[in-house]
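Colleague: I would like a close look at one part of this model, set in the context of the rest. Please take it slowly and keep the parts connected.

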Amino acid sequence: MSYLDNILFAIILAIGFGYFFVSIKKIRRNINLGTDVNRTDNPKARWTNMAMIALGQSKMVRRPVAGILHIIVYIGFVIINIELLEIIIDGLFGTHRVFAFLGTTYNVLIASFEILAVLVLVAVFAFWSRRNIIKLKRFVSSDLKGWPKSDANYILYFEVVLMTLFLLMNASDLHLQNVPGGYGHFIKAGSFPVSQFIEPIFNGLSNELVMLLSEGFWWVHIIGILIFMNYLYFSKHLHILLAFPNTYFANLNAQGQFDNLQSVTNEVKLMMDPNADPFAAAPVDPNAVPSKFGASDVQDLNWVQLLNAYTCTECGRCTSSCPANNTGKKLSPRKIMMDTRDRLEEVGKNIDANKGVFIPDNKSLLNDYITAEELWACTSCNACVEECPVNISPLSIIMDMRRYLVMEQSAAPMPLNAMMTNIENNGAPWQYNQQDRLNWKNE
Amino acid sequence: MSENLIVPTMAEMLAQGKQPEVLFWVGCAGSFDDRAKKITKAFVRILNRSNVSFAVLGTEESCTGDPAKRAGNEFLFQMQAMMNIEVLNGYEAKKIVTACPHCFNTLKNEYPELGGQYEVIHHTEFLKSLLDDGRLTIEGGQFKGKRITFHDPCYLGRANNVYEAPRDLITKLDAALVEMKRSKANGLCCGAGGAQMFKDAENGDKEINIERTEDALETAPDIIAAGCPFCNTMMTDGIKNKERESDVKVMDIAELIANAQDL
């Protein structure tokens, strides 16, 4: 037998993985456009979070129906991919079912892959119905118009095609295994609780044709997997990889604790220092970039917030629990994450087109993607953060953008300006004299 | 109306060379808002009855800066925080109790980094500890069989994971604690947080407090219990909007306890 097949397979594999790593590098580069934040403390708690939330899917089951369906697809994906190892070895070395020597273990493995494949098909059908027939509110909202809606369906179609090919591959293989006296390299191996019922469709076809079909299914299946892997970068489906680092680097503090801006602390301390010389010249550092308070574009956000944006799989649990969104306001935490990712992609493409340098494009995350109206509708209630199955914080982005609006642009709504003036003047958000603070005692 | 509330200030305590067991942070709402002042007084009555040695900052207290921070004004927040920390550290405050979850969250979580390290507890947790230590006893009766639903304040619940203390207190009243469909970690905001209290809501098709009031009314409650002066305002407004003031009361946990004791 010629080695042409194996060489072709090696080339396809190399292209598939090569292109995938180029995408991963690009994501890494884009995420690193964000400002620095230290999330390396307390590794024990971080590993625990990753194990429980990403690996263990603990937050998914807060909504049991979607949670359990998701776990089926997730386990199916992870387990069936063990089969991928055999496929790659077979493809590279021209072997057939190289792990067949495992005997009973092999039979159990193949049988469980088949059962999982069917369960995945059932779950995928349920997911598809929820989006296209039942039309759950969070899947038909305006956030998802256009590409995001198609993307979600394409992922489901991909899964159907891959699972079907896997089962057809096994069915045709089984058909040839059952040829009296044996046929070619199709040794008796594996147990086929599902594809044994598909196998009869090959009755009446010549063995040569079935072998051709079997090899065809095998090739289309592995090429399909490689295409799907490379599709990730263009899709919300990236979460299957990024959920892991995202849960590891997620905030560990109490959800109510918002960060204190260090740049502000320095200035406030200087203001309150009685020994500070009011006429002293600012310290001269020719390389210092004047610091900006808050965020108006993706480069002002920290890298964890950008990782959050790439991790978001647009499930919309955040938005469906958002009090502002629930009462018809424009704010949608999911849209905050999608906008951040889309703008980051735009900035990344700008850098690619300009030989590694970002050329200002007169656009920004604020206004061109996210409007002030959305930002001011937030009650900072943390429902979105609590809901997110992979610990994304839309709230932290909203707060950083409010900071920019208030501290850089003095663009707070009028009543908030009045509230802040009161705090400055009399130490309360309302216009009461601080000297009257204890009057309640005698009223 | 004169009742004999004993409310020493930290300055008076210091003059006598004394350090109270706990500093009661009253907060802006608790000091100035007519409805919230009643909560403040109810809490003080319980403290007086239980012989808790406490003191307030009085006119030395100033806004924690919470609404400024949530509105995005980090400068104003940190100015307020540093001034308050100077006062608190001046009195060597160790333990702070407050009836406002916003003050609670800010003092507990955001002051330490700026130099203010205190043990901060919410008044429902403090009341619970008084009960557990036997310093406070509740004779049920008045609330026996009443249906009480508890609205979780975001800055107490999700923000700081305090869900049980207020519920334990309601159960101690012999009342029937009924949960809303969205409660605890799934609780819906009253609409006041994130500085929303001080501005009009953005355009939408409903006010958040109405949505939340509907959640509460679904439980057919006699009383909606709150643990936050702002939630209290929002839910009270919601009840008024629904014209249910005559049969549904909005009360703070401290008021429930004080009433049970006939204080």
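Colleague: How many helices and how many strands are there in chain A? Please start from that count and go through the chain closely, then say what lies against it.

Modeller: This is a predicted model. Chain A has 18 helices and 0 strands. Of its 443 residues, 39% count as buried. The C-alpha trace of chain A spans about 100 × 55 × 40 Å along its principal axes. Its radius of gyration is 28 Å, whereas a compact globule of 443 residues would have a value near 22 Å. If contacts in chain A are restricted to residues at least 6 apart in sequence, 80% of them join residues at least 24 apart.

The domain assignment comes next. It divides chain A into domain 1, made of residues 4–31 and 63–248, and domain 2, made of residues 262–276 and 290–432. Taken over C-alpha atoms, the centres of domain 1 and domain 2 of chain A are separated by 40 Å. The two domains are in contact through 21 residues of domain 1 of chain A and 22 residues of domain 2 of chain A. On the domain 1 side of this contact, α1 (4–31), α5 (137–140) and α8 of chain A each supply at least two residues. The largest share of that side, 6 residues, comes from α8(A). By class, the domain 1 side that touches domain 2 of chain A holds 9 nonpolar, 6 polar and 6 charged residues.

Helix α8(A) has a second role in the packing of this chain. The buried residues of α2(A) pack against α8 (239–248) of chain A. Helix α2 of chain A runs over residues 43–55, and its buried residues are A:N49, A:M50, A:I53 and A:A54. These four lie on the same side of α2(A) because they cover an arc of only 100° around the helix axis. Just after α2(A), A:Q57 takes a positive phi of about 60°.

Now the interior. In soluble globular proteins, nonpolar side chains tend to be buried together. The largest nonpolar core of this model has 147 residues, and the members that touch the most others are A:M401, B:I46, B:A225, B:M235, B:A254 and B:I257. The helix that gives the most to this core is α17 of chain A (residues 394–408), with 9 residues. A second, separate core has 25 residues, among them A:F113, A:L167, A:M169 and A:W218. Returning to the largest core, B:A254 can be followed outward: residues up to four places away in sequence aside, it touches B:I39, B:A42, B:F43, B:I46, B:A99, B:H123 and B:L127.

That leads to the partner chain. 56 residues of chain B are in contact with 55 residues of chain A. On the chain B side, the elements that give two or more residues are α2 (27–32), α3 (34–49), α4 (66–71), α5 (74–90), α6 (101–110) and α9 (208–217) of chain B. Helix α5(B) makes the largest share of this side, 7 residues. The chain B residues that touch chain A divide into 23 nonpolar, 17 polar and 16 charged.

Chain B has its own build. Its secondary structure comes to 11 helices and 8 strands. Buried residues make up 58% of its 263 residues. The C-alpha atoms of chain B fill a box of roughly 50 × 45 × 35 Å along the principal axes. A compact globule with 263 residues would have a radius of gyration near 18 Å, so the 18 Å of chain B agrees with that. For contacts in chain B between residues at least 6 apart in sequence, the part that joins residues at least 24 apart is 79%.

Chain B also has two domains in the assignment, domain 1 (10–130) and domain 2 (139–260). Their centres, taken over C-alpha atoms, are 22 Å apart. The contact between them takes 27 residues from domain 1 of chain B and 26 residues from domain 2 of chain B. On the domain 1 side, α2, α3, α4, α6 and α7 (123–132) of chain B each supply at least two residues. Helix α3(B) gives the largest share of that side, 8 residues. The same side of domain 1 of chain B has 13 nonpolar, 6 polar and 8 charged residues.

Terms used. Residues numbered from 1 in each chain as written. Chains lettered and ligands numbered in written order. Predicted model: local features only at pLDDT ≥ 70, side-chain atom pairs only at ≥ 80, totals over all residues. Contact = placed C-beta atoms within 7 Å. Nonpolar A, V, L, I, M, F, W, Y, C, P; charged D, E, K, R; others polar. Domains from an automatic or database assignment. Core = buried A, V, L, I, M, F, W, Y, C linked by C-beta atoms within 7 Å. Buried ≥ 20, exposed ≤ 12 C-beta atoms within 10 Å, placed from the backbone. Arc of directions from axis to C-beta. Rg over C-alpha atoms; globule rule 2.2 N^0.38 Å.
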